[in-house]
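Reader: I should be grateful for a close look at one part of this structure, namely the surroundings of the ligand. Please explain the terms that a first-year student would need.

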Amino acid sequence: MSYYVRRMRSEDIAQVAEIDREAFFTQWPPPNFQSELRNRLAHYIVVCDDEKIVELPEVKTPSGRGLTGLVSRLKRLFNHQRLSGDELPLPTGHYIVGFVGCWVMADEAHVTTIAVREAYRRQGLGELLLIPVIDLARELKTRTVTLEVRASNTGAQQLYDKYGFTQVGVRQGYYIDNREDGLVMSTDDITSATFQEHLEQLKQAHSKRWGMTLDRITQ
Ligand SMILES: CC(C)(COP(=O)(O)OP(=O)(O)OC[C@H]1O[C@@H](n2cnc3c(N)ncnc32)[C@H](O)[C@@H]1OP(=O)(O)O)[C@@H](O)C(=O)NCCC(=O)NCCS
């Protein structure tokens, strides 16, 4: 298996929404990913399976026209002329297996969502998504990374705990589907030498265990 992380794009929305529905089925409908991608405070990263190709749906603009639009249509028409079949080929892309979103405001980055497809869990991909968020937060000059997690979601809490998040508060009845409490978790100062040393150790351990290289995220 080979994976890479990159910034989320419009053509990823259908796949990301599918992952969102699987992971957060009680919280549907999902966030408006189209407007999230236009939001300057928001940053979304996806992890892709490098070895699996899928067809991508045509992306619609607010006017209802294909976003890939003229360029895409011309490309498809051009390809069509070179193919003998009647079907116009759809654009393709890598299979997205997880995503993470965060909002960066002042000196804080807030992880708004993180999910990995069920079939791909417990293979280091949650970490592969969380690490670039922390790196990005530091690049954007924030000092802490925070998030909310369901009180019952002990698996996710263990992931955050591993990366130095501790519980700093409770939002009573925060989740409207079942009125479950949300635990507020936060890192210490991510720019501190102690935090960075710990992060570096985790990156090396992750790389050694899963054989994945943590390059800078691509656009
Ligand atoms: C939380 C989630 C993103 C973790 O993704 P993942 O790819 O399975 O996580 P990883 O394989 O990278 O696990 C990293 C660490 O997280 C912890 N962890 C993850 N899932 C766990 C589980 N089910 N039980 C216990 N610990 C778990 C472990 O500490 C693990 O480290 P280890 O392998 O050394 O034990 C994934 O379970 C998911 O998508 N869940 C549904 C959506 C969700 O709950 N998101 C969090 C919202 S706050």
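Author: A polar contact is a pair of N or O atoms within 3.5 Å. The model examined here is predicted. In this model, a backbone N or O atom of glycine 126 lies 2.8 Å from an oxygen atom of the ligand, a distance within the 3.5 Å cut-off. Two arginine side chains also approach the ligand: an N or O atom in the side chain of arginine 209 is 3.0 Å from a ligand oxygen atom, and a polar side-chain atom of arginine 121 lies 3.3 Å from an oxygen atom of the ligand. On its own the ligand has 910 Å² of accessible area, of which the protein covers 80%.

The ligand sits in the largest pocket. Four elements each give two or more residues to the shell around it: β4 (108–116), α4 (125–139), β5 (144–150) and α5 (154–162). Of these, α5 contributes the most, with six residues. The shell holds 22 residues, and those that come nearest to the ligand are Val116, Arg122, Gly126, Asn153 and Lys162. By character, the shell residues comprise ten nonpolar, six polar and six charged.

The loop between β4 and α4 also deserves attention, for arginine 117 is found there. Is arginine 117 buried or exposed? Arginine 117 counts as buried because its relative accessibility is 6%, and buried means under 20%. The side chain of arginine 117 is joined to that of tyrosine 95 by a polar contact of 3.2 Å.

Terms used. Residues are numbered from 1 along each chain as its sequence is written. This is a predicted model: local features need pLDDT of at least 70, side-chain atom pairs count only at pLDDT 80 or more; totals for chains, interfaces and linings use all residues. Side-chain values use heavy atoms; hydrogens and water are left out. A residue is near a molecule or strand if one of its heavy atoms lies within 4 Å of it. A polar contact is a pair of N or O atoms within 3.5 Å; within protein, one must be able to donate a hydrogen and the other to accept it, and residues adjacent in sequence count only if both atoms are side-chain atoms. Accessible areas come from the Shrake-Rupley method with a 1.4 Å probe; for residues, only the protein chains shown count as cover. On a 1 Å grid over the protein atoms alone, a cavity is a set of points where a 1.4 Å probe fits but cannot get out, and a pocket is an open set with protein on both sides within 12 Å along at least five of seven lines; lining residues have an atom within 4 Å of a point. A molecule sits in a cavity or pocket if more than half of its atoms lie within 2 Å of its grid points. Ala, Val, Leu, Ile, Met, Phe, Trp, Tyr, Cys and Pro count as nonpolar, Asp, Glu, Lys and Arg as charged, and the others, Gly among them, as polar. Buried means under 20% relative accessible area, exposed over 50%, partly exposed in between (1.4 Å probe, protein chains only).
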